[in-house]
Amino acid sequence: MIRGLRLLQMRPIFYFAADKTPAPTQGKQQQAKPIQVYKDGQLITKNYLQLKKSQDIEGYVLTLVKNYYRTTNKQALTLDSELEQHGLDSLDSIELSMQIEEDLGYVISAETLPVLNKVRHYVNYIKQVEQYKVENNAAPLA
């Protein structure tokens, strides 16, 4: 009986998608992969947003913060607005960052989150990531 339990413990129970796909090799350009999300009980496939122009990035971030459900005084929101002026705290900043990660396919590190206090900080972060992608043909690690 004990011998049979050891065999069960040695076999993996779950297989993750990352285990089945080979690791990307260096030198090859990483393309944006489609993502699958659940919406209204249906699994839909969508691509990451591609923001190249400065006006597109600014508009995306302003719209994201304005449409966030906890934002107050939405009409007065500008690029230089601090999140605290509009009723948002550090947890809201994390949720906004998660939405950016989901929409744009970025990975925002935990060390970066405390410095994202203004709307312009998000805009500058996205611009830097896009510039890095152009220069190095790959997304930054974090």
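What share of the 142 residues in the chain is buried? Buried residues make up 26% of them, and the views below, all taken from a predicted model, show where some of the residues sit.

**View 1. The whole chain, with 5 helices and 2 strands.** Welcome to the overview. Following the sequence from its start, you meet the elements in the pattern α-α-β-β-α-α-α. The chain exposes about 10,900 Å² of surface, and carbon and sulfur atoms supply 54% of that area. Take the contacts between residues at least 6 apart in sequence: 46% of these join residues at least 24 apart.

**View 2. The largest nonpolar core, a set of 25 residues.** Good residues to look for here are Y60, V61, V65, L96, I100, V119 and I126, which have the most contacts inside the core. Helix 3 (54-67), helix 4 (90-104) and helix 5 (119-136) each supply at least two residues of this core. As general background, nonpolar side chains tend to be buried together in soluble globular proteins.

**View 3. V65 and its contacts.** Let us stay with one residue of the core, V65. Once its neighbours within four places in sequence are set aside, V65 is in contact with T71, L77, L83, L88, L96 and V119.

**View 4. L62, a residue of helix 3.** Not counting residues up to four places away in sequence, L62 touches L77, T78, L79 and V119. V119 is also on the contact list of V65, as is L77. For a sense of scale, find K74: 12 residues separate L62 and K74 in sequence, and their C-alpha atoms are 9.7 Å apart in space.

**View 5. The second largest pocket, with about 170 Å³ of space.** How does its lining divide into nonpolar, polar and charged residues? There are 6 nonpolar, 3 polar and 3 charged ones. The lining consists of E82, L83, E84, L88, D89, S90, S93, I94, L113, P114, L116 and N117. Two of these names may be familiar, since L83 and L88 are in contact with V65.

**View 6. N73 and N137, two residues with a positive phi.** Which places do they take in the chain? N73 lies in the loop between helix 3 and helix 4, while N137 is in the segment after helix 5. N73 has a phi of about 55 degrees although it is not a glycine, and N137 likewise has a phi of about 55 degrees without being a glycine. N73 is partly exposed, with a relative accessible area of 46%. N137 is partly exposed too, with a relative accessible area of 44%.

Methods
Residues numbered from 1 in each chain as written. Predicted model: local features only at pLDDT ≥ 70, side-chain atom pairs only at ≥ 80, totals over all residues. Heavy atoms only, no water. 1 Å grid on protein atoms, 1.4 Å probe; cavity = no way out; pocket = protein on both sides within 12 Å on 5 of 7 lines; lining within 4 Å. Points joined across faces, edges and corners; volume = space filled by probe spheres on them. Nonpolar A, V, L, I, M, F, W, Y, C, P; charged D, E, K, R; others polar. Helix = DSSP H or I, 4+ residues; strand = E, 2+ residues; numbered from the N terminus. Buried < 20%, exposed > 50% of the residue type's maximum accessible area, 1.4 Å probe, protein only. Contact = heavy atoms within 4.5 Å. Areas by Shrake-Rupley, 256 points an atom, 1.4 Å probe, with all protein chains shown as cover. Core = buried A, V, L, I, M, F, W, Y, C linked by side-chain atoms within 4.5 Å.
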